[in-house]
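Here's a quick briefing to read with the model open in your viewer. Take a look around first, then come back for the notes.

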Amino acid sequence: MIALNDQQLNDFQSALDWRTGLKLPDGRVLGVAGKRGRIPEATDTRVRAVAERCQPAGKTILEFGCCEGTHTVQLAGLCKEVVALEVRPKNIACALVRLFVHEVRNVRLLLKDVREVDGGFGRFDILFHVGVLYHLADPVEHLARIAPLGDQLLLDTHYADDSSRYERSDIRHGGKSYAASAHRDGAWDDAFSGVEPTARWLRRDALLELLKDVGFGSLDVLDDRVERNGPRLTLLASR
């Protein structure tokens, strides 16, 4: 990391309106406690899954929705290059500072709405898609559009179940219907929300079926859990 005295670190802290935090190698923190008031103590489990399951050394990773770069910094240490997409300029500013302080030089940050990404965007070895899908109004179209971009997809997302308190809102695509439920989302000013007022959460079976339909023949569910906002899973999809 860049050698910072306390005053320099404090200046970075006060220069931006942080919403997340990450420990520096010397134990100090850049940023603030994020969701539920926690600072990550170690490598994120989704990043660790990439390290353990995807053989990322020498490979390229496309990260969807990098927010303030907490995952980005960790991914950069695993691979040849990370291309990180983020729609909010404020988050880009925070991510740039985080990458600078950690002396990360193999990341390209792009101001990009993930809904606009399609097969013409390029090819990558690994797609890192964490905490984004459940913010989209049409997750089916999105996954169909990005599927050609890589051979491995690390996906972490909420999904709807039978106990969902939201109304049924199935999605038709390619002549098929995928079971989903409507979900109220946040606003632009919320760093942890999407950019649309309403999202749709796919049912678990529909999500797995969709991934196979768009070309991922191998699916490995790494974690399936219940969080405060609903059920959520982490999976690795491969061609």
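What follows covers the sheet, the helices on it, an aromatic pair and the cavity.

Keep in mind that this is a predicted model. Its seven-stranded sheet is open, with mixed pairing, and a search of the whole structure turns up one cavity of 30 Å³ or more.

**The sheet**

- Reading across, the strand order is β5-β4-β3-β6-β7-β13-β12.
- Which strands stand at the edges? They're β5 (107–111) and β12 (218–227); each has a single partner strand, so one side of each is left without a neighbour in the sheet.
- From one strand to the next, the twist averages 15°.
- At the β12 edge, β12 pairs with β13 (residues 230–238) in the antiparallel sense, over nine bridges.
- If you want a spot to check in that pairing, go to D224, whose bridge partner in β13 is L233.

**Helices across the strands**

- Helix α4 (residues 89–101) lies across β4 (81–86) and β5, and runs at about 170° to β5.
- Helix α6 (residues 204–213) lies across three strands, namely β7, β12 and β13; against β12 the angle is about 155°.

**Aromatic pairs**

- How many aromatic pairs are there? The count comes to three.
- One of them is F12 with F100, a tilted pair at 6.2 Å centre to centre with 55° between the planes.
- F12 sits in helix α1 (residues 6–15) and F100 in helix α4, so this pair ties together parts that are 88 residues apart in sequence.

**The cavity**

- The largest cavity has a volume of about 40 Å³.
- Its lining is made up of L133, Y134, P139, T157, H158, R200, W201, L202 and L207.
- Two elements give two or more residues to that lining: β7 (150–158) and β11 (198–202).
- Which element gives the most? That's β11, with three residues.
- By residue class, the lining of the largest cavity divides into six nonpolar, two polar and one charged.

Methods: Residues are numbered from 1 along each chain as its sequence is written. This is a predicted model: local features need pLDDT of at least 70, side-chain atom pairs count only at pLDDT 80 or more; totals for chains, interfaces and linings use all residues. Side-chain values use heavy atoms; hydrogens and water are left out. On a 1 Å grid over the protein atoms alone, a cavity is a set of points where a 1.4 Å probe fits but cannot get out, and a pocket is an open set with protein on both sides within 12 Å along at least five of seven lines; lining residues have an atom within 4 Å of a point. Grid points are joined across faces, edges and corners, and a volume is the space filled by probe spheres set on the points. Helices (H or I, at least four residues) and strands (E, at least two) are DSSP runs, numbered from the N terminus. Ala, Val, Leu, Ile, Met, Phe, Trp, Tyr, Cys and Pro count as nonpolar, Asp, Glu, Lys and Arg as charged, and the others, Gly among them, as polar. Two strands pair if DSSP finds at least two bridges between them. Axes are lines fitted to C-alpha atoms, for helices over the stretch in contact, and angles run from 0 to 180 degrees between N-to-C directions. Contact means heavy atoms within 4.5 Å. Rings of Phe, Tyr and Trp (its six-membered ring) pair if their centres lie within 6.5 Å; planes under 30 degrees apart count as stacked, over 60 as edge-to-face and the rest as tilted.
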